Amino acid sequence: MTGDGPARELVIVGAGGHGRELFDAATRAGRPVLGFVDDSPTGENRARVDRLGSAILGDLAWLEAHPGPYALGIGTSAARRRLAARLDAAGARAATVIHPGATVGPDVRLGDGVVIFDRVTITTNVEIGAHTHLNVGCAVQHDSTLGAYVQLSPGVFVNGDCTIGDDVFCGTGAIVTRGCSVGVGARVGAGAVVLDDVAPGTTVVGVPAR
Ligand SMILES: CC(C)(COP(=O)(O)OP(=O)(O)OC[C@H]1O[C@@H](n2cnc3c(N)ncnc32)[C@H](O)[C@@H]1OP(=O)(O)O)[C@@H](O)C(=O)NCCC(=O)NCCS
C-alpha cells in the first residue's frame, strides 16, 4: 500500500542498506520500482542491487532529468532534507511507502515521503511529518506527533502523548515514555529510556536518558 494514488514506478534514491530495505518494502506493498539512483554506488552495492533483480539507473541528476515518484533510501535527516529540496525543485514527488507488515490505525496522518518498515505499529490519532522514516519494529502510540525528517531506528518505542521534533534521531531500541518531548535536532542514543523532556539539539544516552 502506498499513500500517493495509483501505482506508478518508483525510483529509490540510495543503493545502500536503507535503500535496498526500502526497495523490499515498496515491492511487498505492490509498488513497482523502476530502479535506484545513487551518486557514488560502491561495487558491492551494485552487485547487491543486481541480486535484488533491480538496477542502478544513474545518479541523482538522472532523476532530476526524469522527475517522477521517488523515495529516499537515506538514513540521515540532513541528507534527506538536502536531496528532497533538490528533487522537489526538479518536479519529482515524494511517495509514501508502507510495508504491508506494518499496522497503521485510524486518524494517522502521514506527510509526503514518510516510510514505514515491517512490523511498525502506529495506533491512533498520530501525526507524522514529511520524510520521516520508522524502521523495523517501531511503535508510535496515541496522540503523538513526529516532525519532519525524523529517523526512528529499529525497535524504537514512542509512547502516547509524545512530541518528537523535526530532524530528531533515535537510536536502536530507544524508548520515549508517555508525554515526553524531544526537541528539534536532538539525538537519543541506542537503548536510552527518555523519562523527561529532551532539549533541542542535545544528545542523551542511558537509562534514564541524560
Ligand atoms: C548517542 C549517539 C548518537 C552518540 O554518538 P557520538 O556523538 O558519536 O558519541 P560517542 O560514540 O563519541 O560516545 C560518547 C560517549 O557516550 C557513550 N555512549 C554513546 N552511545 C551510547 C549509548 N547508546 N548508550 C550509552 N552510552 C553511550 C560512549 O560510550 C561515550 O562515553 P565516554 O565519553 O565515557 O567514552 C550514538 O552513540 C548512538 O547511540 N547511536 C545509535 C546508533 C544506532 O542505533 N543506529 C541505528 C542504525 S539503523
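The exercises below, each with a worked solution, concern a predicted model.

Residues are numbered from 1 along each chain as its sequence is written, and side-chain values use heavy atoms, with hydrogens and water left out. Because the model is predicted, local features need pLDDT of at least 70 and side-chain atom pairs count only at pLDDT 80 or more, whereas totals for chains, interfaces and linings use all residues.

**Exercise 1.** Determine whether the end-to-end span of helix α4 agrees or disagrees with the expected span, and work out where its buried residues lie around the axis.

*Solution.* Helices (H or I, at least four residues) and strands (E, at least two) are DSSP runs, numbered from the N terminus. The expected span is 1.5 Å times one less than the number of residues, so the 13 residues of α4 (residues 77-89) should span 18 Å, and the 18 Å between its end C-alpha atoms agrees with this.

Next, take burial, where buried means under 20% relative accessible area, exposed over 50% and partly exposed in between (1.4 Å probe, protein chains only). The buried residues of α4 are Ser-77, Ala-79, Arg-80, Leu-83, Ala-84 and Leu-87. These cover an arc, taken from the directions from the helix axis to the C-beta atoms, of only 150 degrees, which puts them on the same side of α4. An α-helix has 3.6 residues a turn, so residues three or four places apart point the same way. On the other side of α4, Ala-78, Arg-82 and Ala-89 are exposed.

Finally, with contact meaning heavy atoms within 4.5 Å, the buried residues of α4 pack against β1 (10-13), α3 (60-65), β4 (69-72), β12 (133-134) and β15 (151-152).

**Exercise 2.** Give the strand order of the open five-stranded sheet, and locate its edges.

*Solution.* Two strands pair if DSSP finds at least two bridges between them. The order is β3-β2-β1-β4-β5, with parallel pairing. The edge strands, each of which pairs on one side only, are β3 (56-58) and β5 (93-94). Strand β2 (residues 33-37) pairs with β3 over two bridges in the parallel sense, and Val-37 stands opposite Gly-58 in β3.

**Exercise 3.** Decide how many disulfides the structure holds, and whether Cys-138 and Cys-170 are buried or exposed.

*Solution.* A disulfide is a pair of cysteine sulfur atoms within 2.5 Å, and the structure holds zero of them. For Cys-138, the nearest cysteine sulfur is that of Cys-170, 8.5 Å away. Cys-138 is buried, with a relative accessible area of 1%, and Cys-170 is buried as well, with a value of 0%.
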